[in-house]
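Colleague: I have a model open and would like to learn how to read its features one by one. Could you walk me through it?

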Amino acid sequence: MGTDRGSDVSRQRFDVADAAPLLIDADGFVTSWTRDAERLFGYPAAEILGRSVRTLLVDEDGERIGALAETHRALGGWSGILTARHRDGHTVKVMVRVVPTREARPPVPGEAVSEGATVSGGPTVSGGPTAAGGPPRRNPHPHPHPHPHPPKPAPPPTAAPAAAQGAPRPNAAPTGRAPAREGTGDVVAGARPAAQHSGGPTARRTVPVPAPDSSPPSPSSSPSPSSSPSSSSSSSPAPSPSGRLPFSPSPASPPRPTPASAPAPFAPKPSPPPPPPPSTDPLRPSHWVALVSDATQAPGWDMSRTVLERMTARSPVGIAIVDTELRFVWSNEALERFGGGQAHERVGLRLAEVQPGLDAERIETQMRKVLETGVPVLDYEHVGRVRSAPYRETAHAMSFTRLEDDHGRPIGVYYTVVDVSERHRARTRLALLDRAGEHIGRTLDVRRTAQELADVVVPALADFVTVDLLDSVLRGAEPGPLGDGSVPLRRIAQQSVHDGVPEAVLEVGAVASYAAGSPPVRALVDGRSWSEPRLDPMSAEWARAVAGGRAVPVESLGLHSVMIVPVRARGITLGITTFFRHDRLDPFDAVDLGLAEELVGRAAVCVDNARRYTRERDAALVLQRSLLPRRLPEQDAAEVAVRYRPADELTGLGGDWYDVIPLSGARVALVVGEVAGHGIDGAAAMGRLRTAVRTLADLDLPPDEVLAHLDDMVAKSARQEGAEPGGGSGQTVGARCLYVVHDPVSGRCAMAAAGLFAPALVALDGTVTFPELPEGPALGVDQQPFEALELDLPEGTVIALHTDGLLAGASREALCRALARTELSLERHAQRVLDTLAPARPTDDVALLLARTRRLPAHRVASWELPADPALVAEARKTTSRQLGTWGLDELAFTTELIVSELVTNAIRHAAGPIRLRLVLERTLTCEVFDGGATAPHLRHPRTTDEGGRGLFLISQFTQRWGTRFLPEGKVIWAEQPLPNQPADAPTTADPTAGVGSV
């Protein structure tokens, strides 16, 4: 094989000088062999001459070579790649070019013609003495001259390896030695043993042509007894599979004569066979000349300049060459499709002069980079406007390669251009859809979803976009039937490529009323998209003036193309989306309309989901707000400020709650809690727990007992609903609650928790502490006992109760810093803490309750120790009357004396131990009687004939409320009376310590 050594990389070329020539007869047998062929295939001449060409190929290619010969014999030859089998068994890829040769005349009878000789019109074969196209060499004597002495018998053939590799072709001539013909340059078969190489470039065989008057031997003839010893082995062997004819000879081809034994020295010469009939197939080749080269590492064949020029000129890919100054020196016809003139008009111009709509500087930067480094740039994609399409951006994939001279110096850049606009638009559409999937519908808010749609499509698809929805959609309701008249819509979102959206005639939130029959109304009513690629400003009345908005002429905005796509989801039309173009010169087409419909369709599902969620959320909010305190009760035990922030749309409304419950004796209960559920179910569960807590608070139970009763209720409800305690299937199971009771008279604070709660205490100096409150189990889980913690709190201490949503994104240290910055207004302080720690749209509900403790002045509390003597009941009434006179409450003297008389009498009669009477003046007048009894009195409804049992009944009629409060040392019976129409904290001149003592 020939190799080009002009560079570091060997470039194998297909050339006649590099190829191994073979000569194959019309029946597919090798008749000529060279040393190049021996190096390529590994076979010596003695092993391959006379054998089928299939011996050199793998089975698959050997089977199809006959069909190739039959197909291409009329086409002047065939070239391609075949897989050869080397003598040692490995396969070799070879490039083959086969050319048929044909005889110009029939051979002269009796003339021996070498099968390797050149015939008229055929190429020169290896080793042949005649040039291509010259007349074939002929024997000047038509008949062989008789020798004066008969020839000696031929020695036995020595080409034993040939028999081992495959039988020779059936019509091969005998290998006996024969004299060369006089006056010819042919090598006669048998001149030397076939296994030996003559040393020349070619080994060939010759076939004698029978004379016209000769006849073939009879098949029944037997060999002569005087035959040479080799005659016993000269019978024709059975053809092996490799000797089967690979080509299909024409019916006019003469059959090959069967080799016979060598005649005896003096045996009469048999008569020659009759001449064959003339061939009826003028296209049948006499021989095939095959040029074979190793294609294992060859890149391909060398092509002429004409072929190369034709290939580049007719290539559908745009090709151009620029010099080192980046000026055109050559281009093909395909480049003319992009505009910029014909090839001869480009010569000497720069790219910016040919295509001013492209970013020529960026493209030439790539060219200079290739010129400097020599590294090719492949598939450089550029988007711009070419002269052939000035109103639409097109995309082109460009590849750049440096051209060098024979010394390796750069002489220019060769580049190709392929229009990939469709691929670029498809990729852009997919990217836009992917971006829409990421950014549209991230919340369950209708307005935000509509604005996300507008933000996504500008500027990728349109220059100006508006989204108008029906009012019912914003309320979460189902849209009603749409008529053909004017349909009021509300502008929900809009976006523009220009800051401030100057194209808008309406502000976001304004009502847009389109005229009946206008394109927006038709698209809304029919539910079908409408587009106008070329918008006529004179007919765009609906876009120029909208009722309630400012009139803006369409021609002043440059709007030239429009699409209106209805916002439809689940068969319901929710509104319309309008797309405009003014800066981009290319109008909307069908592809843009389909993309807009897909984008709006995706957004419509999100809008409808948000609409449905808005309806559910509004219902849950109404339920939750109805279950939470609408206003805080008036009481003097503490100044209270609360803040509540529901969770965002994605999380759903939670079940957090708070409560402030006035208790007897001027005390107050502070409650915060949360349930595990969300939505309506969570709000309902929260309402059940809040009601239960208020009911238990009316029993005046300590905090730990309140939680214990609440825990029993939750567990019982879970069992009744089919859920095991602790299973968590009920919304109330696993709920948490913090219950705090503050007494303004004593300054004592008792608290207990179900679940993990950490109330904070803020002192007057801003110090924040967290009491070591025992952590109780969640409600309905373990049914373990709860522990209470009691503290003495100075007046002005702030108790901070909150749910875990407050610290969802903050730490306890942040809470301390926020609480430490106290303010005079507790309301502002609570709002600032909430804004500091909780986001505007938290992932969980946030409940915050701040209570600044108060102490009742000593002059508003009066207490007396009473001995268990019924005679002192009258004195207790007098003492009470005097104290009411001091407080200016003479109007309540009669009823209060009646209450004191009944309660003290019951304590003396039914209880044991010391008795204490206390009056507390707050927003009500409270009368309390302490005793050591453990039983609570019960209200009776006596009959008219009963003499007793009317005391508590009378108390219930004269008081606002009454009850029993149990203490570790006994119980308290209390009763409250509303005050007359005067401020409870009216100043008084009485001694602050008056009324404190004993009767």
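Modeller: Happily; we will go from the whole chain to sheets, helices and a few backbone details.

Colleague: Before we start, what kind of model is this, and how many helices and strands are there in the protein chain?

Modeller: The model is predicted. The protein chain has 22 helices and 38 strands. Of its 999 residues, 46% are buried. If you take contacts between residues at least 6 apart in sequence, 66% of them join residues at least 24 apart.

Colleague: Let's turn to sheets. In what order do the 6 strands of the open sheet come?

Modeller: The general idea is that strands of a sheet pair through backbone hydrogen bonds, either parallel or antiparallel. Here the order is 18-17-16-21-20-19, with antiparallel pairing. Strand 18 (511-513) and strand 19 (530-532) are the edge strands, each pairing on one side only. On average, neighbouring strands in this sheet are turned by 30 degrees against each other, direction ignored.

Colleague: Over how many bridges do strand 16 and strand 21 pair?

Modeller: Strand 16 (residues 464-469) and strand 21 (residues 572-581) pair over 6 bridges, in the antiparallel sense. To find the register, look at phenylalanine 464, which stands opposite phenylalanine 580 in strand 21.

Colleague: And which helix packs on the sheet?

Modeller: That is helix 15 (residues 590-627), which touches strand 16, strand 19, strand 20 (561-569) and strand 21. The direction of helix 15 makes about 35 degrees with that of strand 20.

Colleague: Then what about the open sheet of 5 strands: in what order do they come?

Modeller: Read it as 12-11-15-14-13, with antiparallel pairing. Its edge strands, each pairing on one side only, are strand 12 and strand 13 (377-384). The average turn between neighbouring strands is 25 degrees in this sheet, direction ignored. Strand 13 pairs with strand 14 (residues 394-404) in the antiparallel sense over 6 bridges, and glutamate 381 stands opposite alanine 397 in strand 14.

Colleague: How do I read burial along a strand? Which residues of strand 25 lie on each side?

Modeller: In a regular strand the side chains alternate between the two faces of the sheet. In strand 25, Arg736, Leu738, Val740 and His742 are on one side, and Cys737, Tyr739 and Val741 on the other. Both faces are covered, and 7 of the 7 residues in strand 25 (residues 736-742) are buried.

Colleague: Which strands does strand 25 pair with?

Modeller: Strand 24 (residues 668-674) runs antiparallel to strand 25 and is joined to it by 7 bridges; there, glutamate 674 has arginine 736 as its bridge partner. Strand 26 (residues 748-754) also runs antiparallel to strand 25, with 6 bridges, and cysteine 737 has alanine 754 as its bridge partner. Strand 25 and strand 26 form a hairpin with 5 residues between them, and glycine 747 in the turn has a positive phi of about 80 degrees.

Colleague: Now helices. How can I check the length of helix 16?

Modeller: Use 1.5 Å a residue: the 19 residues of helix 16 (residues 679-697) should span 27 Å, and the end C-alpha atoms are 27 Å apart, which agrees. Its buried residues include Ala685, Met686, Leu689, Ala692, Val693 and Leu696. Among the elements that cover the buried residues are helix 15, strand 24, helix 17 (703-720) and strand 25.

Colleague: At what angle do helix 9 and helix 15 pack?

Modeller: Helix 9 (residues 421-439) packs against helix 15 at about 15 degrees, with the axes 10 Å apart. That makes the two helices roughly parallel, and their crossing is right-handed. Leu432, Leu433 and Ala436 are among the contact residues of helix 9, and Leu595, Glu598 and Leu599 among those of helix 15.

Colleague: Lastly, which backbone details should I look at?

Modeller: Most residues other than glycine have a negative phi, and most peptide bonds are trans. In this model, a cis peptide bond joins valine 458 and proline 459, with omega of about 5 degrees. Proline 459 lies in the loop between helix 10 (446-457) and strand 16. Leucine 326 has a positive phi, near 65 degrees, and is in the loop between strand 11 (318-322) and strand 12 (328-331).

Colleague: Is leucine 326 buried or exposed?

Modeller: Leucine 326 is buried, at a relative accessible area of 4%.

Conventions
Residues numbered from 1 in each chain as written. Predicted model: local features only at pLDDT ≥ 70, side-chain atom pairs only at ≥ 80, totals over all residues. Heavy atoms only, no water. Pairing = 2+ DSSP bridges. Helix = DSSP H or I, 4+ residues; strand = E, 2+ residues; numbered from the N terminus. Axes fitted to C-alpha atoms, helices over the stretch in contact; angles between N-to-C directions. Contact = heavy atoms within 4.5 Å. Buried < 20%, exposed > 50% of the residue type's maximum accessible area, 1.4 Å probe, protein only. Expected span 1.5 Å × (residues − 1). Parallel < 35°, antiparallel > 145°, perpendicular 65-115°, else oblique. Left-handed = near helix turned anticlockwise from the far one by under 90°.
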